[in-house]
Amino acid sequence: MHHVLQHPLASHILTHLRDRTTKPATFRTLCHQIGLLLALEATKDLPTQDASIETPLEPMQSPVLAQSLVVVPILRAGLGMLQPYTDMFPSVSVGYVGMERDHDTAEARSYYCKLPPLEGCRVLCVDPMLATGGSAVQALNVIKEAGATDLRLVTIVSSPEGIAEIESSHPDVPLITAAVDRELNDLRYILPGLGDFGDRLYGT
Ligand code: PRP
Ligand code: URA
């Protein structure tokens, strides 16, 4: 179950993220911008409940958010997608899962985990790149073990192989992504992709 963000501005931003000449400072700004569009897409069905308020002219019932939100960036590149949530959502909690792919085998290794209470919350696991799917599958395992039941994965670029992996290992977790690319290369990088997201985000 995956959903591809459809917005001309998202396509425009993605083109500049992909461009090899884009420098880290601009790359971070673009990451924040597309992260905001994805955050709005991933939360557009959050439940609301009516609150009693008074406008300057009369009382009224008006909707407010009715479900707490938890965002879990996969370190380190997922940090680039975090700020839209902390800027926009009044009572968001943040958890962290650290995953690192081995450069030779592309297998993900977990090195850190700190999660807030997850019961009853909409939990969004965010990571810009879904390549083999190994990092995301492990992160989703950990987040489910910690109690998440309403869980989604939000990525910027996804490969067909990564999507198949999520759909087979976590069929109950919807994926929201800005692009589905062609394939993985021999080193398990996404083609055409945008390179190593963490390196481009942090200039490493
Ligand atoms: C990148 C990316 C994902 C992972 C995707 O992280 O941010 O977490 O690779 O690849 P996969 O689907 O094959 O697991 P990386 O391991 O390079 O670490 P970083 O975020 O610290 O750069
Ligand atoms: N991680 C990245 O940053 N880019 C890829 O293409 C694959 C994994």
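In this predicted model, the largest pocket is lined by 31 residues. Those nearest its centre are Met99, Arg101, Ser135, Asp196 and Gly198. The volume of this pocket comes to about 640 Å³. Several elements of secondary structure give two or more residues to its lining, namely the strands β4 (69-75), β6 and β9 together with the helices α4 and α6 (197-202). Sorted by class, the lining holds 15 nonpolar residues, alongside eight polar and eight charged ones.

A good way to get to know this pocket is through its contents. Ligand 1 sits in the largest pocket, and ligand 2 sits there too. The two can be taken in turn, starting with ligand 1.

Around ligand 1 there are 15 residues, and the nearest of them are Arg101, Asp127, Thr132, Gly133 and Ser135. Arg101 and Ser135 have already appeared among the residues that lie nearest the centre of the pocket. The shell around ligand 1 draws at least two residues from each of β6 (96-101), β9 (129-130) and α4 (134-145). The biggest share comes from β6, which supplies three residues. As for chemical class, the shell is made up of six nonpolar, five polar and four charged residues.

Which atoms of the protein lie close to the oxygen atoms of ligand 1? In Asp127, a side-chain N or O atom is found 2.5 Å from an oxygen atom of the ligand. The backbone takes part as well: an N or O atom of the main chain of Ala77 is 2.9 Å from an oxygen atom of ligand 1. Beside these, Arg76 places a polar side-chain atom 3.0 Å from an oxygen atom of ligand 1. On its own, ligand 1 has 500 Å² of accessible area, and the protein covers 91% of it.

Ligand 2 comes next, and its surroundings can be listed in full: Arg101, Met129, Ala131, Arg188, Tyr189, Ile190, Gly195, Asp196 and Phe197. Arg101, met above beside ligand 1, is thus found around ligand 2 as well. By class, the shell of ligand 2 has five nonpolar residues, one polar residue and three charged residues.

What parts of Ile190, Gly195 and Phe197 approach ligand 2? For Ile190, a polar backbone atom lies 2.8 Å from an oxygen atom of the ligand. Phe197 likewise has a polar backbone atom 2.8 Å from an oxygen atom of ligand 2. With Gly195, the partner is a nitrogen atom of ligand 2, placed 2.8 Å from a backbone N or O atom of the residue. The accessible area of ligand 2 on its own is 240 Å², of which the protein covers 89%.

The backbone itself offers a few further points to look at. Most peptide bonds are trans, and most residues other than glycine have a negative phi. Against this background, the bond that joins Leu75 and Arg76 is cis, with omega about 0°. Arg76 belongs to the loop between β4 and α3 (83-88), and this is the residue whose side chain has a polar atom 3.0 Å from an oxygen atom of ligand 1.

A cis peptide bond also runs from Leu191 to Pro192, where omega is near -5°. Pro192 is located in the loop that lies between β13 (190-191) and α6.

Where, finally, does Ala106 lie? This residue is part of the loop between β6 and β7 (108-114). Its phi is near 65°, a positive value in a residue other than glycine. The strand before this loop, β6, is the one that gives the most residues to the shell around ligand 1.

Key:
Residues are numbered from 1 along each chain as its sequence is written. Chains are lettered from A and ligands numbered from 1 in the order in which they are written. This is a predicted model: local features need pLDDT of at least 70, side-chain atom pairs count only at pLDDT 80 or more; totals for chains, interfaces and linings use all residues. Side-chain values use heavy atoms; hydrogens and water are left out. A residue is near a molecule or strand if one of its heavy atoms lies within 4 Å of it. A polar contact is a pair of N or O atoms within 3.5 Å; within protein, one must be able to donate a hydrogen and the other to accept it, and residues adjacent in sequence count only if both atoms are side-chain atoms. Accessible areas come from the Shrake-Rupley method with a 1.4 Å probe; for residues, only the protein chains shown count as cover. On a 1 Å grid over the protein atoms alone, a cavity is a set of points where a 1.4 Å probe fits but cannot get out, and a pocket is an open set with protein on both sides within 12 Å along at least five of seven lines; lining residues have an atom within 4 Å of a point. A molecule sits in a cavity or pocket if more than half of its atoms lie within 2 Å of its grid points. Helices (H or I, at least four residues) and strands (E, at least two) are DSSP runs, numbered from the N terminus. Ala, Val, Leu, Ile, Met, Phe, Trp, Tyr, Cys and Pro count as nonpolar, Asp, Glu, Lys and Arg as charged, and the others, Gly among them, as polar. Grid points are joined across faces, edges and corners, and a volume is the space filled by probe spheres set on the points.
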